[in-house]
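Visitor: Can you walk me through a structure? Short answers are fine.

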Amino acid sequence: MNARSAILILLAASLAVSLASAEEPIISPAIPMDGILVHEVQCPFQQGTTQIKVLLPNTFELDRKYPTIYVLPVEAKNETRYGDGLAEIKKLKLHNKRQAIFVAPTFSHLPWYADHPTDSTIRQEEYFLKVVVPLIERSYPVDPRPEGRLLLGFSKSGWGAWSLLLRHPELFGRAAAWDAPLMTDRLGKYGMTAIFGDQVSFENYRIIDLLRATAPQLRERKRLILTGYGGFHREHEQAHKLLDELSIMHEYRDGPERKHDWHSGWVAEAVDLLLAETNHP
């Protein structure tokens, strides 16, 4: 089926979903924008209007289930100081080369993929789990098994990719992080405090602790991926050492060093590694 026919079908399905219920969240039908489908979302877990962007293969079969790679942003709203992850995927034609569906949500605040303990409009994890993923799985022909849900990020969103998998290993199959501050153990840097709220809340998401807690579930196959770096080489070395100490299977690349940006050349390898051991119906 070609992309135009498929998009019309998906738009109709999406419209039916959005009009089927008056309950929150309010999600618009998908609007095509430069080859990407964009849903607008109003939700109590976020402030104002956010978006869920979907990049489909140009041709695909509606009766086939495709892997979904969630391209997690590092900036709030549609800011692109560090590039645009979905634009990089599209430029590299990875949606066609790898026959996968790529999804990029936006967030009203700096995304750390955490729920603020008191501010109901900064519930990023809940928004992702209860709004983003369900919309994709009821509206698009995706593989709903854990091995069909894959997470890709760098810097803050690399932390987020690992955090989401480690906190919900039954939901997500693999997570790839590039140049991420994975060994951070206290609030105070990178805009964390505004999102986590306090140290007690932060400790629920601290990667070091999550790795120790979930180590027994991560020893049978490589579910965590850690590739090159820009500014967090030492953090990667320390994370790799901890993973080895905990006997956690993982993919590790010690470089090369690249610019801290979506467009510096690291994305294709990370996508390949996410899909390397995944079989889809």
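Guide: What follows covers one arginine and some aromatic rings. This is a predicted model, where local features need pLDDT of at least 70, side-chain atom pairs count only at pLDDT 80 or more, and totals for chains, interfaces and linings use all residues. Residues are numbered from 1 along each chain as its sequence is written, and side-chain values use heavy atoms, with hydrogens and water left out.

Visitor: Where is Arg223?

Guide: Arg223 is in the loop between helix H8 (207-214) and strand E9 (224-226). Helices (H or I, at least four residues) and strands (E, at least two) are DSSP runs, numbered from the N terminus.

Visitor: Which side chain of opposite charge is nearest to Arg223?

Guide: Glu170, 7.2 Å away; Arg223 is buried and has no salt bridge. Buried means under 20% relative accessible area, with a 1.4 Å probe and protein chains only. A salt bridge needs a side-chain nitrogen of Lys or Arg within 4 Å of a carboxyl oxygen of Asp or Glu.

Visitor: And which backbone oxygen lies 2.5 Å from a polar atom of its side chain?

Guide: That of Phe172. The backbone oxygen of Gly173 lies 3.0 Å from a polar atom of the Arg223 side chain.

Visitor: New topic. How many aromatic pairs are there?

Guide: The count is 17, taking rings of Phe, Tyr and Trp (its six-membered ring) with centres within 6.5 Å.

Visitor: Why is the pair of Phe60 and Tyr66 edge-to-face?

Guide: Their ring centres are 5.7 Å apart and their planes are at 85°, so the pair is edge-to-face; the rule asks for over 60 degrees. Phe60 is buried at 3% relative accessible area, and Tyr66 is buried at 1%.

Visitor: Which residues do ring pairs link into a cluster?

Guide: Trp112, Trp159, Phe196, Phe202 and Tyr205.

Technical notes
Buried < 20%, exposed > 50% of the residue type's maximum accessible area, 1.4 Å probe, protein only. Lys, Arg positive; Asp, Glu negative; His and termini not counted. Polar contact = N/O pair within 3.5 Å; in protein donor to acceptor, adjacent residues only side chain to side chain. Phe/Tyr/Trp six-rings, centres within 6.5 Å; stacked < 30°, edge-to-face > 60°.
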